[in-house]
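Please look at how the helices of this protein are placed against one another and around its ligand. The report below goes through these points in turn.

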Amino acid sequence: MQQLAGRVAFVTGAGRGIGRAIALRLAEAGARVAVTDADETSARAVAAECGERALGLRVDVTDPASVRAAVARADEVLGPLDVLVNNAGWDKMEPFLESTEETWDKVIAINLKGVLTCVKAVLPGMVERGGGRIVSISSDAARVGSSGEAVYAAAKAGIIAFSKTVAREVARQQINVNVVCPGPTNTDLFREVAAANPRLGDALKRAVPFGRLAEPDEIAAAVAFLASDDARFITGQTLSVSGGLTMV
Ligand SMILES: NC(=O)c1ccc[n+]([C@@H]2O[C@H](COP(=O)([O-])OP(=O)(O)OC[C@H]3O[C@@H](n4cnc5c(N)ncnc54)[C@H](O)[C@@H]3O)[C@@H](O)[C@H]2O)c1
C-alpha cells in the first residue's frame with residue numbers, strides 16, 4: 001500500500017546499511033525521498049535505486065551549513081519535508097578506559113549533535129505547516145548498555161531523551177517524534193566491528209533471543225510505520241527492533 005504517497009522524506013546516512021533500507025522502504029511506500037549521506041556517490045546511487053522521485057545529496061550531519069543547504073535543496077526539488085529520519089551514525093568499539101577525548105568528540109558529533117542539527121533545520125517548517133514526523137535511530141546499547149560502546153551508548157541515550165522532550169514541545173503542532181532502537185544488525189558497520197573482534201561479534205549475535213542479527217529492512221519497516229498515518233497518535237516513544245534483546 002502506498003502509505004506515504006505525496007509525502008517528502010529526508011533520510012541521513014542513507015548511502016548504505018540501515019539508512020539505505022529506510023530510503024528504499026519509504027520510496028516503495030510512495031514518498032519522494034532525499035537520500036543523503038556524507039558520501040555523495042553512495043547517496044546518489046541509492047537515490048537512483050529509489051527511482052525518479054528521489055534526490056541524492058551530500059550531507060555531513062556534523063556540518064550545520066551542509067545540513068541547511070540540503071534541506072533547502074530538498075524543499076526546492078521535492079517539496080516541503082513531511083518526514084525526517086535521523087539515521088547517520090558511527091562507532092568505534094573499545095573499552096572506555098582506552099578511549100580518547102578525540103573519539104568521544106567524533107562519536108557525540110555524529111550520533112547526538114548531528115540529530116540536533118537536522119531537527120533544528122527541519123522542525124521550523126514542520127511547525128509552520130502544523131505537522132510532520134521525526135524518527136531517529138538510536139540503539140539498544142542506549143537502553144541496556146553495551147561493553148565497548150560507552151560513549152556511543154551515551155550519545156544514543158541522548159537521542160532518546162532529546163526526542164521525548166521535543167515530542168512534548170511540538171505535540172500541539174501535530175508533530176510526532178519517535179525513536180527506533182536496532183539491536184545488532186547485518187550491515188557493514190556491524191561486519192567491520194565483528195571482523196575486528198570476532199568473539200564480540202559472536203557474543204552479540206548469541207545475546208539476541210531470536211538467535212540472529214536483524215536485517216536492515218526489518219529496521220526500515222518500523223521506521224516506515226512510525227512515518228505513516230497509522231502511527232499518527234504515537235509520539236515520544238522508543239521502539240526496539242532487536243529480536244527480543246531488550247524488553248522494556
Ligand atoms: N548495525 C548495527 O548493528 C546497529 C545497531 C544499533 C544501531 N545502529 C545505528 O543504525 C544507524 C545505521 O547504522 P548502519 O549499521 O547502517 O551503519 P553503516 O556504517 O553501514 O552506515 C552508516 C552511513 O552513515 C554515513 N555517515 C557516517 N557519518 C556521517 C556523517 N557525519 N554525516 C552523514 N552521513 C554519515 C556513512 O557514510 C554510511 O553510509 C546508525 O545510527 C547506527 O548507530 C546500528
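Helices H1 and H2 are roughly parallel to each other, because an angle under 35 degrees counts as roughly parallel and these two helices, H2 covering residues 40-50, pack at about 30° with their axes 9 Å apart. This description, like everything that follows, rests on a predicted model. The crossing in which H1 passes H2 is right-handed. On the H1 side the contact is made by Arg-20, Ala-23, Leu-24 and Ala-27, which meet Val-46, Glu-49 and Cys-50 of H2. Sorted by character, the residues of this contact are 5 nonpolar and 2 charged, with no polar residue.

H1 also packs against helix H9, which covers residues 216-227, and here the angle is about 50° while the axes lie 8 Å apart. That angle makes H1 oblique to H9. The crossing of H1 and H9 is again right-handed. From H1, the residues Gly-17, Ile-18, Arg-20, Ala-21, Ile-22, Arg-25 and Leu-26 take part, and they meet Pro-216, Asp-217, Ile-219, Ala-220, Ala-221, Val-223, Ala-224 and Ala-227 in H9. The residues of this contact divide into 11 nonpolar, 1 polar and 3 charged.

A further pair is formed by H4 (residues 101-129) and H6 (residues 150-169), whose axes are 8 Å apart and meet at an angle of about 15°. With that angle, H4 is roughly parallel to H6. H4 passes H6 in a right-handed crossing. The H4 residues Trp-104, Val-107, Ile-108, Asn-111, Leu-112, Val-115, Leu-116 and Val-119 face Val-151, Tyr-152, Ala-155, Lys-156, Gly-158, Ile-159, Phe-162 and Val-166 in H6. In this contact there are 13 nonpolar residues, 2 polar ones and 1 charged one.

The three pairs can be set side by side, since two packed helices are described by the angle between their axes and the distance between the axes.

| Pair | Angle | Axis distance |
|---|---|---|
| H1 and H2 | about 30° | 9 Å |
| H1 and H9 | about 50° | 8 Å |
| H4 and H6 | about 15° | 8 Å |

Which residues surround the ligand most closely? The shell holds 30 residues, and the closest of them are Gly-13, Gly-17, Gly-89, Thr-187 and Leu-189. The elements that give two or more residues to this shell are H1 (17-28), H4 and helix H7 (188-196). Gly-17 therefore appears both in this list of closest residues and in the contact of H1 with H9. By character, the shell divides into 12 nonpolar, 13 polar and 5 charged residues.

Turning to the chain as a whole, its secondary structure comes to 9 helices and 7 strands. Along its principal axes, the C-alpha trace spans about 45 × 35 × 35 Å. For 248 residues, a compact globule would have a radius of gyration near 18 Å, and the 17 Å of the protein chain agrees with this.

Key. Residues numbered from 1 in each chain as written. Predicted model: local features only at pLDDT ≥ 70, side-chain atom pairs only at ≥ 80, totals over all residues. Axes fitted to C-alpha atoms, helices over the stretch in contact; angles between N-to-C directions. Helix = DSSP H or I, 4+ residues; strand = E, 2+ residues; numbered from the N terminus. Parallel < 35°, antiparallel > 145°, perpendicular 65-115°, else oblique. Left-handed = near helix turned anticlockwise from the far one by under 90°. Contact = placed C-beta atoms within 7 Å. Nonpolar A, V, L, I, M, F, W, Y, C, P; charged D, E, K, R; others polar. Near = placed C-beta within 6 Å. Rg over C-alpha atoms; globule rule 2.2 N^0.38 Å.
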